[in-house]
Amino acid sequence: MMRLYVLDGGRIEILDWRLFQPDAPPGTRRSLAVSCYLVEHPDGTLLWDTGLGDDLVGTDGRTIPDVAVFRVERRLQDQLSEIGHPPETVGHLALSHFHPDHVGNVALFGKARLWVQREDHAAAFGDTADDHGFEPDAYAVLRQQETTLLDGDHDLFGDGSVVLVRVPGHTPGSQALLVRLPATGSVLITGDLAHSLDNWHDRAVPLLNWDAAETQRSFDRAAALLAAEDAQLWVPHDLDQQAALRHAPHPYT
């Protein structure tokens with residue numbers, strides 16, 4: 001049986017919400033969730049994103065001046081062990097993109113095969129990584145990772161149940177995750193195509209973004225996919241929505 005677990009990857013306090021919702025009033029702050037997800041499939045396990053680093057637990061967090069404060073209360077490693085999937089047993093790792101709040105624990109998953117879009121991998125390990133908001137030191141371990149580079153959508157297990165969906169714009173090779181569950185139905189996890197449900201409904205393009213036109217095309221594509229699948233939309237950074245979901249150790253099936 002397939003299971004989908006929601007995991008807590010930390011919290012972000014955005015110090016100026018206009019960076020993500022340009023029409024927000026000056027001085028607006030907003031707290032975001034950082035969610036990760038584990039898909040348990042008869043043919044293997046997939047971890048989608050790794051959140052902020054477990055090393056932030058027990059600290060005052062990490063501040064990016066004028067942008068955000070990162071905090072972590074629960075170790076991702078502990079949450080995975082609690083559901084019977086400690087990091088060393090995870091067979092597949094997929095990243096929506098390479099920003100710091102998605103790669104914080106990649107070093108825990110050295111035995112997993114990495115699945116990323118070719119454009120994002122090239123940007124993350126290229127000479128202009130900083131231009132995309134990437135921090136190469138945060139994911140340097142992935143240079144040695146067994147990796148499959150994707151050039152579009154990919155059906156991970158070959159049965160249509162877990163599909164990596166190319167949605168460029170936020171970064172050159174951003175991707176979303178479509179999970180088709182037997183009881184719950186289809187769930188589309190957006191990655192950072194949207195940072196909140198408001199972003200989604202307003203089609204808001206953040207200032208911290210690679211290509212606005214690509215982002216709008218990806219909004220359109222994701223909306224069409226939601227309609228075709230009659231899918232639930234999950235926005236991993238939307239604090240209220242993510243708090244209302246069942247979290248591990250209780251799965252969606």
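**Close-ups of a pocket and a helix**

**View 1. The largest pocket, with a volume of about 450 Å³.** Keep in mind that this is a predicted model. The lining of the largest pocket is made up of 23 residues, and those closest to its centre are F20, H99, P100, G133 and L208. Strands chip in too: β1 (3-14) and β5 (68-71) each give at least two residues to the lining. How do we spot a space like this at all? Roll a probe the size of a water molecule over the atoms, and you see where empty space is left.

**View 2. Helix α4, end to end, across residues 212-229.** Grab a ruler for this one: at 1.5 Å a residue, the 18 residues of α4 should span 26 Å, and the end C-alpha atoms are 26 Å apart, so the two agree.

**View 3. The two faces of α4: which residues are buried, and which are exposed?** Tucked away are E214, T215, S218, F219, A222 and L226. These buried residues cover an arc of only 145° around the axis, so they sit on the same side of α4. Flip to the face turned away from that buried side and you meet the exposed D220, A227 and A228. And what covers the buried residues? Among the covering elements are β12 (185-189), α3 (197-202) and β13 (232-234).

**View 4. Both ends of α4, with D211 at the N-terminal end and D230 just after the helix.** D211 acts as a cap: one of its side-chain oxygens lies 3.0 Å from the backbone nitrogen of A213. Just past the helix, D230 takes a positive phi of about 50°.

Notes
Residues are numbered from 1 along each chain as its sequence is written. This is a predicted model: local features need pLDDT of at least 70, side-chain atom pairs count only at pLDDT 80 or more; totals for chains, interfaces and linings use all residues. Side-chain values use heavy atoms; hydrogens and water are left out. Helices (H or I, at least four residues) and strands (E, at least two) are DSSP runs, numbered from the N terminus. The expected span of a helix is 1.5 Å times one less than its number of residues. Buried means under 20% relative accessible area, exposed over 50%, partly exposed in between (1.4 Å probe, protein chains only). The arc is that of the directions from the helix axis to the C-beta atoms. Contact means heavy atoms within 4.5 Å. A polar contact is a pair of N or O atoms within 3.5 Å; within protein, one must be able to donate a hydrogen and the other to accept it, and residues adjacent in sequence count only if both atoms are side-chain atoms. On a 1 Å grid over the protein atoms alone, a cavity is a set of points where a 1.4 Å probe fits but cannot get out, and a pocket is an open set with protein on both sides within 12 Å along at least five of seven lines; lining residues have an atom within 4 Å of a point. Grid points are joined across faces, edges and corners, and a volume is the space filled by probe spheres set on the points.
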